[in-house]
Amino acid sequence: MLIITNVEVMSAGSYPGTVGEITVVDLDKIVDAFRECDYQPNVTLGKDSSGQHVFCGWIKSVRRVDSKLYVDIDAADEWAAKIKAGLYTYSSEIYFNLKRVGKVFPLALKSVWLLGKGRVR
């Protein structure tokens with residue numbers, strides 16, 4: 001596994017048909033949930049021929065800088081070079097009202113999907 005730092009996975013803005021409007025305050029809620037929940041969202045690349053998600057790594061840290069959400073990825077060796085080379089764009093999957101550690105978190109990072117350049121999810 002190899003740590004890849006400062007990967008932008010989301011920004012404040014409008015996401016029609018999915019989560020709607022994401023604000024800087026919402027990004028802070030995602031960061032807070034990551035820090036408090038003691039979990040590591042996974043990084044995946046779609047599904048293989050058997051329908052199983054292809055595991056690429058784990059999210060090690062989450063932070064907001066201005067209006068963008070950045071993560072550090074602990075990537076499986078076979079994916080690390082491709083991620084570092086910028087071969088993918090990213091799509092963040094979000095939990096709504098996640099119940100963990102005796103609290104409800106309005107927004108939390110569920111996973112990050114690697115998408116080939118030019119694809120939108």
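Mentor: Two strands count as paired if DSSP finds at least two bridges between them. Keep in mind that this model is predicted.

Trainee: How do you know that β4 and strand β8 pair?

Mentor: Strand β8 covers residues 103-116, and β4 and β8 are joined over 3 bridges. At least two are needed, so the two strands pair. Their sense is parallel. One position to look at is Asn42, which stands opposite Ser111 in β8.

Trainee: What makes strand β4 and β5 a pair, and in which sense do they run?

Mentor: Strand β4 is residues 42-47, and there are 4 bridges between β4 and β5. The rule asks for at least two, so these strands pair as well. They do so in the antiparallel sense. Thr44 stands opposite Phe55 in β5.

Trainee: Which residue takes a positive phi in the hairpin of β4 and β5?

Mentor: Gly51 does, with a phi near 90°, and the hairpin has 5 residues between the strands.

Trainee: Which residues have a positive phi although they are not glycines?

Mentor: Asp38 has a positive phi of about 55° without being a glycine. Asp38 sits in the loop between α1 and β4. Asn97 also has a positive phi of about 55° and is not a glycine. Asn97, however, lies in strand β7, residues 88-100.

Trainee: Why is Asp38 called exposed?

Mentor: Asp38 has a relative accessible area of 73%. Exposed means over 50%, so Asp38 qualifies.

Trainee: What makes Arg35 exposed?

Mentor: The relative accessible area of Arg35 is 59%, and the limit is over 50%, so the word applies. Arg35 lies in helix α1, residues 24-37. Arg35 and Ser49 are 14 residues apart in sequence, and their C-alpha atoms are 35 Å apart in space.

Trainee: Why is Phe55 called partly exposed?

Mentor: Phe55 lies in strand β5, residues 53-65. Its relative accessible area is 36%. Buried is under 20% and exposed is over 50%, so 36% falls in between, and Phe55 is partly exposed. Trp58, at 34%, is partly exposed for that reason too.

Trainee: What makes Phe55 and Trp58 an aromatic pair, and why is it called tilted?

Mentor: The structure holds 2 aromatic pairs. In the pair of Phe55 and Trp58, the ring centres are 5.1 Å apart. Rings pair if their centres lie within 6.5 Å, so these two do. The angle between the planes is 55°. Stacked needs under 30 degrees and edge-to-face needs over 60, so 55° is tilted.

Trainee: Which residues form a nonpolar patch on the surface?

Mentor: Met1, Phe55 and Trp58 form it, with about 290 Å² of accessible area together. Residues in a patch need over 30% relative accessible area, and Phe55 at 36% satisfies that part of the rule. Trp58 at 34% does so as well.

Trainee: How do you know that Arg100 lies over the face of Tyr39?

Mentor: Arg100 is 5.2 Å from the ring centre of Tyr39. The distance limit is within 6 Å, so that part of the test is passed.

Trainee: How many salt bridges are there, and why is the contact of Lys68 with Glu8 called one?

Mentor: The count comes to 5 salt bridges. In the case of Lys68 and Glu8, the closest N and O atoms are 3.5 Å apart. The limit is within 4 Å, so the pair counts. Lys68 is in strand β6, residues 68-75, and Glu8 is in strand β1, residues 2-11; the two are 60 residues apart.

Trainee: What makes Asp28 and Arg64 a salt bridge, and which parts does the pair tie together?

Mentor: Their closest N and O atoms are 2.5 Å apart, and the limit is within 4 Å, so they form a salt bridge. Asp28 lies in helix α1 and Arg64 in strand β5, so parts 36 residues apart in sequence are tied together.

Trainee: How do you know that Glu36 and Lys103 meet in a salt bridge?

Mentor: From N to O the distance is 2.5 Å, and this is within 4 Å, so the rule is met. Glu36 is in helix α1 and Lys103 in strand β8, so this pair joins parts 67 residues apart in sequence. Glu36 has a relative accessible area of 39%, which puts it between the limits of 20% and 50%, so Glu36 is partly exposed. Lys103, at 38%, is partly exposed too.

How values were computed
Residues numbered from 1 in each chain as written. Predicted model: local features only at pLDDT ≥ 70, side-chain atom pairs only at ≥ 80, totals over all residues. Heavy atoms only, no water. Patch = residues over 30% accessible without salt bridge, like charges linked within 9 Å, V, L, I, M, F, W, Y side chains within 5 Å. Areas by Shrake-Rupley, 256 points an atom, 1.4 Å probe, with all protein chains shown as cover. Salt bridge = Lys/Arg side-chain N within 4 Å of Asp/Glu carboxyl O. Buried < 20%, exposed > 50% of the residue type's maximum accessible area, 1.4 Å probe, protein only. Phe/Tyr/Trp six-rings, centres within 6.5 Å; stacked < 30°, edge-to-face > 60°. Lys NZ or Arg CZ within 6 Å of the ring centre and 35° of its normal.
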